[in-house]
Amino acid sequence: MELKTLHEMVQEAASVYSSRTAVTFNSGTEMGMSRLTYEELLSSSNKLTNLFRSTSLQNEHLIGLFCYPDVNLPLWVLGILQLPSAYLPLNPEVPPVQTVRILDRCKLTYCGIQNELLQQFQADFSTHLTFDICAEWPTQNLTLIRIHRRPSTEAQNNDTNAENKVQGLEDLSNSIIKTSAVMTDCQRKLAYALHTSGTTGQPKIVRVPHCCIVSNIMHLRTLFEVTADDVIFLASPLTFDPSVVEMFLALTSGAQLLIVPTVIKRMPSRLAQVLFTHHQTTVLQATPTLLGRFGRRVLQQKVLSSGSSLRVLALGGEACPSPAVLRSWRQEGNRTCIFNLYGTTEVSCWATYHRVSQTESTHSITDSVPLGEPLMDTVIEVRDDNGQLVTEGEGQVFIGGQDRVCLLDDEETTAPGTMRATGDWVSIRDAQLFYIGRKDSLVKRHGQQLHLDAVQQVVESLTEVEACAVSLSEGSRLVAFIVLSPSHTEALFASSNAHHGDQVPYLSKLNRDAVSSTSIHLHGSPVVSSDDRHGESGGDGTIPLAGLERSIQRRLSDLLPSHAVPDSLVLIPKLPLTSHGKVALEELKMMYERHREHLGTHKKRLSPDTLKKKSTDTLEGHAWSV
């Protein structure tokens, strides 16, 4: 039986739950909240579809959507899907040249722009594109434009397409084709397209058919036992495919989809208040790094408290924290069901699931959570470097299935059953898959193989550490970027006050507002690292860190082989994130390189007054959110 499309599933739910709230937008301002019932959502999306058709917009396979989170966001998506067409989300916060590259690669002709962003779009893209305004619809808060390509852009596009075709052939050479059958009509009905950032491989355009994502929605809806009484948070940006799961888990079940502005998502304490005090959120899907930004205290007191409204916490997009770390996030008596989800955008969205038991077997603090079982219609294989199936040991994950097939870049057709190489390395033990790390994060160091993600997991298991990221610098120098736990931050704060008295009163504000005063170094860099050797007392303005450094290094030496112990520990207030909620490693690397340059060129220590000014400027420049 052929699966329904996403919008057909929403239409069915709307016919049953017409008077219930479908969408709530909490602006976080005096504007308050906006709501749409299922009847209003369906009526408005039908009107938008008809407006699209009235502009003679016919046979467009892809329509752009340039917008921020808004109460109208689901109706914009549904209005496009019902044409039928597929939507291409565009991020207003990325540099215009990057957006233009995406438009060119997708050969996009039409784009819907949130009315409030029209002037920004005109200002940012006038030098890159020519376009006409086709229609302005105040009720739907949307403007439709038609894009015209300039000759220079088309020439660049042709060059890019040629490169993409070569890359596409390379991608296919890394995939295993299970059958030579042609694509079915269902597999040709596209729902959306995404541009991958390249953080987990080569940047590419992924076009996703309805049948590839609908099976995800159906299975997860059953696993999570979603009902019309649930409140599901749209945690992911529209450019990240978990947003599709969040949106349609809610709207195909008669549940309520909760949306907040991006700025609220960047303020963990305020976000926790909105989610669990104002709206009693029941289902939350997030990357572990994004969830970790709440901090252990807020996690225990609000997110995973004994009385939390949260029924389901689904973690995905990154390696799942260890069972020990997950337990440390819970308050005693918490009953939230935690799931580890694994998948790749190239076979959108999720591929496997594992329900984490509160009594999950833990032999050591470095144990990991398995990837679990394949989701509906999904096939998982593990193969070695020679392409041979692996049933015990290590290998690369391949994902596919008869209908779990997406089109990459310039592919016009792909055989059902195609298995895509993920670039993710796993270990198979007792028929269970355990994530090791990205294939490109498996490195040789001192002549031995090293898994950077495994080192990160060990560092994060320490009581002193709230969060961590691990990277190589200058070839083989191993650097651990560490966010201290609140208790150790407070201890450093108390130690600093005891040593300095009133000499550094601004440290109080930095500790409470930026989480860690240890992020301030004498040279004005936003880090403190074990590359700095200033002694114990800190009597000249340096925060005493040597004892903490030795403690962490000593524990890591007990838990890790010598070639895996970090050379440098870099303390930061919090991990910088990409727009998708993953760790921005490139930003961390640049931060560390700038810090090393300071150490090499500045021998003279700055005075406390200069330090105060520079540290304040640095924090403002980096816009660390609280």
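Reader: What makes Glu411 count as buried in this predicted model?

Author: Happy to start there. Glu411 has a relative accessible area of 10%, and buried means under 20%, so Glu411 falls in that class.

Reader: Which side chain does Glu411 meet in a salt bridge, and why does the pair earn that name?

Author: The partner is Arg420, with 2.9 Å from N to O. The cut-off is within 4 Å for a side-chain nitrogen of Lys or Arg and a carboxyl oxygen of Asp or Glu, so Arg420 and Glu411 qualify.

Reader: Is Arg420 buried or exposed, and how do you know?

Author: Arg420 is buried: its relative accessibility is 4%, and the class takes values under 20%.

Reader: What makes Asp424 and Arg438 a salt bridge?

Author: Their closest N and O atoms are 2.9 Å apart, and the limit is within 4 Å, so the name applies. This pair links distant parts of the chain, 14 residues apart, with Asp424 in strand S20 and Arg438 in strand S21. Both residues are buried.

Reader: How do you know that S20 and S21 are paired strands?

Author: Strand S20, residues 420-429, and S21 share 6 bridges in the antiparallel sense. Pairing needs at least two bridges, so they count as paired. As one example, Ser427 has Phe434 in S21 as its bridge partner.

Reader: Where do these strands sit in their sheet, and why are some called edge strands?

Author: The sheet is open, has 4 strands in the order S17-S18-S20-S21, and pairs them in the antiparallel sense. Strands S17 (379-383) and S21 (432-438) each have a single partner strand, so one side of each lacks a neighbour in the sheet, and they stand at the edges. From one strand to the next, the twist averages 45°.

Reader: How many salt bridges does the structure hold, and what makes Arg20 and Asp229 one of them?

Author: There are 11 salt bridges. In Arg20 and Asp229 the closest N and O atoms are 3.2 Å apart; the cut-off is within 4 Å, so this pair meets it. Arg20 lies in the loop between helix H1 (6-16) and strand S1 (21-26), and Asp229 in the loop between helix H8 (210-223) and strand S10 (231-233), so the salt bridge ties together parts 209 residues apart in sequence.

Reader: Why is Arg20 called partly exposed and Asp229 exposed?

Author: Exposed means over 50%, and partly exposed lies between that and the 20% limit for buried. Arg20 has 34% relative accessibility, so it is partly exposed. Asp229 has 60%, so it is exposed.

Technical notes: Residues numbered from 1 in each chain as written. Predicted model: local features only at pLDDT ≥ 70, side-chain atom pairs only at ≥ 80, totals over all residues. Heavy atoms only, no water. Helix = DSSP H or I, 4+ residues; strand = E, 2+ residues; numbered from the N terminus. Axes fitted to C-alpha atoms, helices over the stretch in contact; angles between N-to-C directions. Buried < 20%, exposed > 50% of the residue type's maximum accessible area, 1.4 Å probe, protein only.
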